Structures are given as structure tokens and as C-alpha cells.
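Q: Please take a close look at one part of this structure and describe its surroundings.

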Amino acid sequence: MSKTNAGNYFEDFTLGQKIVHATPRTVTEGDTALYVALTGSRFAVQSADIFAMDIGYPSAPVDDVLVFNMVFGKTVPDISLNAVANLGYANCRFIEPVFPGDTLSATSEVIGLRELSNGKAGVVYVRSVGANQTGETVLDYVRWVMVAKRDASAPAPEPNVPDLPDRVAPDQLADRLPPIQRDAYDPALAGAPDMWGNYEPGEKIDHVDGMTVEEAEHQMATRLYQNTAKVHFNAHAQADSHFGRRLMYGGHVISLARALSFNGLANAFHVAAINGGRHVAPCFAGDTVYAWSEILEREEVSQRQDVGALRVRTVAVKNADAAGFPHKAGDDTYEESVILDLDYWVMLPR
Amino acid sequence: MSKTNAGNYFEDFTLGQKIVHATPRTVTEGDTALYVALTGSRFAVQSADIFAMDIGYPSAPVDDVLVFNMVFGKTVPDISLNAVANLGYANCRFIEPVFPGDTLSATSEVIGLRELSNGKAGVVYVRSVGANQTGETVLDYVRWVMVAKRDASAPAPEPNVPDLPDRVAPDQLADRLPPIQRDAYDPALAGAPDMWGNYEPGEKIDHVDGMTVEEAEHQMATRLYQNTAKVHFNAHAQADSHFGRRLMYGGHVISLARALSFNGLANAFHVAAINGGRHVAPCFAGDTVYAWSEILEREEVSQRQDVGALRVRTVAVKNADAAGFPHKAGDDTYEESVILDLDYWVMLPR
Amino acid sequence: MSKTNAGNYFEDFTLGQKIVHATPRTVTEGDTALYVALTGSRFAVQSADIFAMDIGYPSAPVDDVLVFNMVFGKTVPDISLNAVANLGYANCRFIEPVFPGDTLSATSEVIGLRELSNGKAGVVYVRSVGANQTGETVLDYVRWVMVAKRDASAPAPEPNVPDLPDRVAPDQLADRLPPIQRDAYDPALAGAPDMWGNYEPGEKIDHVDGMTVEEAEHQMATRLYQNTAKVHFNAHAQADSHFGRRLMYGGHVISLARALSFNGLANAFHVAAINGGRHVAPCFAGDTVYAWSEILEREEVSQRQDVGALRVRTVAVKNADAAGFPHKAGDDTYEESVILDLDYWVMLPR
């Protein structure tokens, strides 16, 4: 039997299957420094121990999207090494905060399977859980990917598509977020005066800034997450692919969009959940990423007086600024510049 | 009112105005590792805890130019987002040493304003102060930048140009530098035998080595400092600019010049002050940076017997070696290869 | 006398000469994070404190090849700044494990000299030793390099070629490796079921994955090691060289080959020794590196029941996959794609 991992094909997955992913990872201040260098993130809570401690954290927590990308990376060798497309995310909740020194590990369960009618591939739904060294859940999410079949003649499984929520309910957000000392939260240090109550559903914000991505940058980010998907690293093999070149990892686009959103959402200090996300078009080295956001909902959370939740749609575009809020071109098509359509909840001080 | 930061224009500044800059930052061993990876710096005091502790520090201090760039980065969104040009530095003193774990924050005061005669822009003089988590000043400097006016018809302020010293006086240097255990300072480990007394005013040193800079490198360095100046990151917007491409952050050129100066000034373990600096020409990805230095003064400091100060001019050049000590071509013009003319004080063991 | 280091020429070396190399270095979690970002390494022992502690380490040790590259880097300014070619390695043993916080320093002894018959250069054999802050040896190896003469008329030294072992004997391996708690070693977390006993001499493994290297990446890696060899960094000077461009540091190719070998040797958690290595051809930015391995020997080590040793040949190739196990084209020539031929010992749980 081969000693190398060729990844799972569609027919290798069974409903209810549980997978322990390899390579637990201690997150360090080295990882957080690299994350700043690769994204330019400026949220004060994640940047400064003192700021974080003043408002109620034991130290500066690790950026939520960094946690997401690290957990996601572990699932790749088992779930998506033979993926044709990463189709969507749902019900993604950031639970226990992560701090440098914590060790993350990941497990997944197959919660749905549906073969395509052409019999060449199928959609696999997995619920993945990231845990810290004490077994607490730090992240829990569902994603579905289209995975190739090894053998087109392999029998199709019973179709089983899980029922997934359109959004995480507000009462499921931020359970484990420490009480925030609102008086200690200094808006000048955080970068903007606008708190939860200053945003209105329907409001759109152009995040103004653009960030050009180099091959070395997206490769370093993706390797930092120990994500092994071949399309991101191998120019030699990609030369024969549809695009003829390396593709940027979609999680890096999410990181960039989140970092760019600081300019307009500086006090959105915690990503509490991702309701859904779609990588609308590929991004390549040399592309310049911009972003805009729309406030979808403003909700109180579990009677907390310290913080509130905003449901935000952040759209990342490439090689065009976001001043015109480019989005859909039709029911299920997008304007040409759009690369990411992300629906998520953030927490802000009230 | 817009929730995004469009930066201040010339008419937004008033004399005496005080600004608290956003995004305090805990400096970590991740930052120092990245700094080595991006500059190749080899000074033993900053590289090795044991070396630093043997000579009197509690642990390896953070590179002074990294501290400068981090503090400078915080000032950008408020001071120079609409800068036409970064004109100069003066009276820059590195005071309290910084160690991994320290949290840096920055404030500025407007100390001078002068509108240009064309009425389209003005020069803003700011004194910026970087402090650590206990409020001690780690860095104090003046810089002046030419900032665009939002509205050319806005009235000009009373011209007010601060009186700035040509150089930091030797008795203002290294107040907070710990006593250096001279016997424990091992020149073999530090990399060269030449101490303070071995340098003579007028002496010129070609630092020999050259370093080519990639887009990914200067972008990562500049994002590491959370510097948001658009010209460094956005190839899409820069395509329509005068240069048609991204510009390298001048502070990265200072970092490279300082790192290159190791070969010839290996025992200059601490930058105590920057007397003045001029970014003579822009630097772009693909350029190769060389450097040479001239010893301008050799001074005792506050009757200290352990260390002495050298005032050094370091000139960085691009795409040409520095063997011929290229510098000025006229009273106020420079030879074509010159990109940086930096006048500063370093401390060496006696 | 010049204050800059021009490096040693062949006639500057004498048999028995001892050299203390400059720039001790505290290895930090910043270095290990960058190493993951630059290589994508996924070995669980080096990735996760908890995994390492569960099996008997005090915390996650630093990757052995990172240690090698850091120690090697220190030797460059004294040994190989004027090297024409890096010819080989022998008898390289990784002894005391290294942990973040340890400070590495390096010394070398000249153990052989042989002038070339053309009188223009000579081969220098050095034994280099890396030590930690308590003086324990972490690494001990011999390398030989061809070094240019400053003056072709300088007299040749008495030829003296040290007797070097073909391989490190199994009883010299892993003396200081802690006892491994075999029951706690979880193969699912480590990434593969195959332990020491599952490999057979003669077995060949294609590591499948390929990794394209950018200029920014190999420059950052090489600067991280404070390696000052000019050919890696200076595009301006290299434009006039034989290859016309920057060369990738060979140690980065070793790092990549080791990281790629995870896919097939996931439980080879410790490099115990390098028996020999040859950089067969240069590697440049834009090249895609693949690797394959052959198991040369399987040996018990000092009656240990916890771990065993595999002697492995790992061959790195560029711009061609390794499925055909490309290697030698003749007695002393290699197939065109081969860039590295490395013979080393790894330890695996039994």
C-alpha cells in the first residue's frame, strides 16, 4: 500500500464517518506576527496585549480568521485534496478565544453526500471542529466541497443533504466572549468612534484601501496554515491547468477582506460567526484586492449590555475599487470584479 | 459622516493639536524574527539573549529601527495619508530600550505649519512620541511632511516653522542605555574588533554587500509596521501614478542600510539618535540597495567609560555599488544612484 | 586595515585553525513560524507542544534542518564568503535537541586543506560545531568547500585530506533523544500509520507534491539564517555572473526536500544525522521542487525499543515530477532534473 496520501475521493466518504486530522499546531506569536505582515491587520484587540487585557481578555487573542485558516488547513489532506471546487460554508461559529501557546487540532464528520448526475464527482458535506489543548471547541463549521470520484463506475451513495441554517442565530453568538469592560475600550486607540449603535442595517461602506498580493505572500500564508492544496504552490503542475497558473487560497482572500474592513469597521473586534461564504471567482498573484461591506442586521446578543452583533456582508473585488459596491449581476451571477461574497457576524462594543 | 478614514488634509491640522494614534502593538519575537528575515540584520546584541544579558541588558532588545518603523507606522493614518512627500526627520532620540512583550503606542503634536505659496499643499511639522506599556518614552522625533489641501481655497494658517537642532547633542544620547559590561562584550561574537576608539572622523567605509528587494518583502515589512500608506501596497491604483508602480517605504530602506552597515560597523550596537534623514530618490522592487558610511564625529557621552558615540552619515544607493562613496552632485542635488542620506548617532563599546 | 569583512581566501586557512563565528542567535517561535511559512513543514513533533510533550519532549523541538541552516549561516562569513563551490557534507550529527529560547553559537576547526593543481583555489575541510547557551553541542558536522586564492602565487600548504566516514554509524545516532513514549504517539495526529518497521531497504517513495519557490521566499529563508553569501541576495552583482541571476541557498533546498518528504515519511520525526549531501545543480526562483526517497538501511539504535533509524536517500528535482525516481545518469553525473542528493538518518517510532 502506498505510503503517500493521495487524498480521499468521493467514494471514500461515508455518511457519519469521523476523521481525525493530522498535524496539531501550537499557535505562537510568530504566527500572529506573520499574519500582520501578510494582511496588515490593525484591530487593536488582536494587536496589543494591554488593550486586550484592559477590556477583559487575559491577553491579545489570535485573529479569528487566522484560527479559521489554521483549522481549515488541517482538514485539506483528508477532505479536499481532490476537490474540484470549494462550494460553501455554513453555521461557522467561533467559540473559545485562542491565545498564543494554545495548540489547535481538528476533526471532521461527514454529514452529507450527494453524487452529481454526471457520475464523475459528488458533493461532500463535512462538519469540522477545531479544539484547543484542553479539548474546548474553538471553531465549529460546515463546509461542502465537490470531490472527484476515483472511479466513475463506483456506486452512488444514498443522497443526503443536511439542513443548514441561513445564518447563525444571534443567541448562539459569542457565548465564550469575556465580558468587555466598555469604559476601558478606548476608541482613539481602536481607531474609530463608531460603535454598534452607530451602524444601521442597509448601510454600505466602501473600505477604500486596496492590497496587491504577490505569489510569495499567498504561498507563505497558505503554508503557514499547513494547507497542502496543490493548486496554490505548484506552478509547474498548474501550467497545464485551466487557469495555467497558481490560484490564491480563498481563505487568504477572506483574511485580506477582513483586514481591509478595518477602515470602516475598526471596532468590529471579533468575528463571531460566518453564516455563509462564496468564492465567486479566483484570485491570482498580482491582483489587487478591495472590499466593501453592507450591514445586514443589528442584533442584541443574549441580553449583553457590553457588546452587540452586526451581521455584515463583505464583498471582495479585484483590480477595481469598491466605490460602486459591485455585487450580483443576476440571480446567481456576479459582476466581473467580485471574488468573495461573505456573510458573517461581528461583535462591537455598545 | 463617513465611517472610513480619509486621512487629514493640510487644513485639518492646527498648531498645538495633539493626536492619539490608533492600534497599540505588542512587539513580539515574531516581529523580531521577521525583521531578521526581511533585512538580514546581524548585530549580536539584538540577535542573542545571552550576549545581551552578558553585557547588561535584561534580554535582547528590539532593533532600534524596527521600533522606529513601528511607531512611525502608527502615525501614518493621521499624519501622512495624504502626504505628497515625506520631507525630513530631526531630533529623533531612542530612549527606553524595547523588549519583546512591550506594547508600543504613539501620540503626536503639531509643532509647525507652513502653507506652500501655490496654495495647494502645506508642510506639517509633528513631534511624535512612542511609549511603552508603562508610559515610558521609547522614541521621540520630529518629522515634517508636505500634505495636500482638500480645498485649495481654505485659508492659510499663520506660518510657524519650529527651530530644530542640526543634531542631537551628545549629552542627550543614551540616557537609558544600561551600563555595558565591557569585559563581557566579546568582539569575536560581535563580528569585528573595531570599537569606538578605532573610528576617526572623516573615515569612509564601503559596506560592500548589496541586497535586492522584492515586492513581497517591502510589502511584508511595511504591513508588519501597520503602516497604511497606499503607495506601498496598491499596484492597481499606482498604475496611474507618476511612477506607475508601487514605491518602497522609505523606512525599509533605512532598515536595509542599517543592516548592511554591520559590515564595517558591527559593534555599533545601538542607534541612539537620528539627526536628520532624507529620502533622496524612490526605491522600487527589483532594486539592489548598497550602502556606505562616513564617520562625522566621535564623542564621549556623559562621562561614560563603557560606551562612546559616533555620529555617522550612512548613504544608501541603488543598482550601483558604493565603492566610490556616491553622495551629492551639487549643493542640494545628489548623484543619481543615491536614495537615502541619513545622519545619526550610534553607540559602540569603548 | 579595512573594517569590512572580505572573507577568508584559501591561503588564509591553516590546518588546525580554530574560528569563533559571529552573531550568536536566540531561536524563537518567530523563527519556527517563519520556517513553517517558508517550507510548509508538517511534522507533528515540531508543530505542536502538546504532541511533543505527550511523547517525552519538554516542548516542541526546533526543526533539525532549521538548526542546521542557522549554524551553517554563522560559518559563511568566515568559511565560504569566497567559496567557488560547496562540495560536500559528512559526519553531520544532530545531538542535543534545540527549543525556542535556546541561543545558538558556532565554532569551526580547519581539518584539511588541499590546493587545486591549477593553483587558483583550494579545498578547505572544516568541522563546525553548533552549541547552545549551556555549551552543549547541538550539531557537529564536516563540510568541504572550494575557496578561491587571493594570490595565485601564494605557496600551497601540505595537502591534508581528512578521513571521513561514508555514514554516521547507527550507534552514534540519537544519544540525546529523549525516550519516546510510544503509546502516546498518535499516528492519526502524526499523519500516517507507517512506523519504522514498515519500511524496507530498497523501497522508493515518490513524495508527490511540488513547491514553487519565489525570490522573496528563498531570500527571506536565507536571511533568517543570517547567511551572508552574496550570490543569494544581489541581483545587481549576479547579473554579471555565470548564471546571470541569484542562486537559491542549497540549505533551503534541503529544507524543502525534508518538508516534502512528510508525504511518505510522516513519522520520521527527527533527522539524526546527515551522512553526505551534494548540491547537484543550482535552483532558481520560479523553479518547482519535487522529491523522492529511497530507504537505504533500517537499523536498531543502541538497543532502544522506542525508536529505530532509517537511512534515507532523498533526491530533490526541479521542474519535473519525481515519479520516475530520477537520479544518476552515469557514475558521477546526474539526470538533468536532479538538484540535491542527500543521504541521512531519520528516527521513527518502532
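A: The account below starts with one helix and then turns to a chain contact.

This is a predicted model, in which local features need pLDDT of at least 70, side-chain atom pairs count only at pLDDT 80 or more, and totals for chains, interfaces and linings use all residues. Residues are numbered from 1 along each chain as its sequence is written, while chains are lettered from A and ligands numbered from 1 in the order in which they are written.

Helix α1 of chain A covers residues 29–39, and 11 of its 11 residues are buried, so it is largely enclosed by the rest of the structure. Helices (H or I, at least four residues) and strands (E, at least two) are DSSP runs, numbered from the N terminus. A residue is buried if 20 or more other C-beta atoms lie within 10 Å of its own, exposed if 12 or fewer, and partly exposed in between, with C-beta atoms placed from the backbone. Among the buried residues of α1(A) are A:E29, A:D31, A:Y35 and A:T39.

Within chain A, the buried residues of α1(A) pack against α4 (64–79), α6 (215–224) and α8 (250–260). They also pack against α1 (29–39) and α6 (215–224) of chain B, and against α1 (29–39) of chain C. Just after α1(A), A:G40 takes a positive phi of about 75 degrees.

The contact between chains A and B takes 40 residues from chain A and 33 residues from chain B; two residues are in contact if their C-beta atoms, placed from the backbone, lie within 7 Å. On the side of chain B that touches chain A, α6(B) gives the most, with 6 residues.
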